[in-house]
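Student: Could you take me through one part of this structure closely, namely its pocket, and tell me what lines it?

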Amino acid sequence: MVIKETRSDKIFNFINYFLLACVFLICLYPLWFIIIASISNPDLVNGGQVWFWPKDISFDGYKSLFADDGVMRGYVNTLIYTTGGTLINLAVTLPAAYALSRRDFVGRKFFTLMFLFTMFFSGGLIPSYLLMGNLHLMNTYASMILPGLVGTYNMILIRNYFQSIPQDLEDACMIDGAGQFTTFYKIIIPVSTPILATVALWLAVGHWNSWFDVLLYMRNEERMTLQIILRRIVLEGTQQLLDMSSNSTLDDTQVVSSDGLKAATIYVATLPILLVYPFVQKYFVKGIMVGSVKG
């Protein structure tokens with residue numbers, strides 16, 4: 001049966017499409033402007049002559065960016081932090097969420113309240129810094145991962161999703177002889193792809209954009225991340241701060257506009273997340289909604 005749209009329905013749909021198109025353009029334009037600004041003449045950009053298309057195209061900013069050892073090293077460090085941190089976070093959060101989702105787990109409400117307590121109260125910045133020093137974790141990869149090992153919000157979201165899975169599915173696995181670990185890894189995890197993809201992207205974006213922890217706990221330039229390099233370039237805006245090592249391949253005669261360098265660095269730092277997001281976007285609505293309607 002085909003339902004014919006009324007005049008009011010057509011007007012309503014038109015307004016919706018128009019508003020969505022406006023929101024899309026508002027969100028897209030800043031990203032597009034960064035791209036065209038990174039390859040345009042900085043004088044034209046600063047003079048307001050670059051709006052939609054690049055002018056006087058030059059890739060000197062990108063050449064300078066990738067010619068420096070510090071940038072590539074920061075890229076590698078950021079990939080290590082992001083990949084390792086996301087996998088370790090999920091490896092710890094998933095079993096905790098599954099345990100708290102089990103109705104036969106003794107003390108489930110107590111442990112849930114203990115986790116929730118950490119969302120509202122913490123030791124603060126100085127105690128956290130002293131703790132990392134006393135544990136001898138300064139200047140280590142662990143200092144980037146362990147402080148946020150378990151995100152309470154993510155754990156509660158995953159727990160709620162696990163609770164939405166029919167109990168009959170687990171009972172059938174138990175009847176067939178599967179234990180708790182087998183049921184968890186071979187049944188629960190595969191059917192929880194939407195929430196796992198959603199939380200994994202949140203964790204990855206958080207690790208990728210993280211810079212304050214690096215600023216606090218890292219003193220070794222060899223382990224600085226791309227975001228720290230971006231921060232230096234954006235705040236200082238000088239070519240000298242891009243050279244984070246004595247092995248820079250840039251000549252002293254090479255002069256690159258700081259504005260072009262800033263735009264190129266921002267775009268390079270944002271690109272990986274933009275490439276990953278479309279592949280997991282389809283899981284967002286299902287993952288968040290199913291994981292949030294049942295407490």
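Tutor: Helices here are DSSP runs of H or I with at least four residues, while strands are runs of E with at least two. By that rule the chain of this predicted model has 16 helices and 0 strands. Turning to the part you asked for, the largest pocket has a volume of about 820 Å³, and 36 residues line this pocket, with Leu-146, Pro-147, Gly-148, Leu-149 and Asp-213 lying nearest its centre. Several helices supply at least two residues each to the lining, among them α4 (69-101), α5 (108-120), α7 (142-145) and α12 (212-217), but the largest share, 5 residues, comes from α6, which spans 125-134. Sorted by residue type, the lining of the largest pocket divides into 19 nonpolar, 16 polar and 1 charged.

To set the pocket in its surroundings, it helps to look at the chain as a whole. Of the 295 residues in the chain, 36% are buried, and the chain exposes about 17,800 Å², with carbon and sulfur atoms supplying 68% of that area. Among the contacts in the chain with a separation of 6 or more, 73% are between residues 24 or more positions apart.

The aromatic rings add a further detail, for the structure holds 16 aromatic pairs. In one of them, the ring centres of Phe-52 and Trp-53 are 5.1 Å apart and the planes stand at 85 degrees, so this pair is edge-to-face. Phe-52, at 46% relative accessibility, counts as partly exposed, whereas Trp-53, at 57%, counts as exposed because the cut-off for that class is over 50%. Elsewhere, Tyr-98, Phe-162, Phe-184 and Tyr-185 form one aromatic cluster.

Conventions:
Residues numbered from 1 in each chain as written. Predicted model: local features only at pLDDT ≥ 70, side-chain atom pairs only at ≥ 80, totals over all residues. Heavy atoms only, no water. 1 Å grid on protein atoms, 1.4 Å probe; cavity = no way out; pocket = protein on both sides within 12 Å on 5 of 7 lines; lining within 4 Å. Points joined across faces, edges and corners; volume = space filled by probe spheres on them. Nonpolar A, V, L, I, M, F, W, Y, C, P; charged D, E, K, R; others polar. Buried < 20%, exposed > 50% of the residue type's maximum accessible area, 1.4 Å probe, protein only. Contact = heavy atoms within 4.5 Å. Areas by Shrake-Rupley, 256 points an atom, 1.4 Å probe, with all protein chains shown as cover. Phe/Tyr/Trp six-rings, centres within 6.5 Å; stacked < 30°, edge-to-face > 60°.
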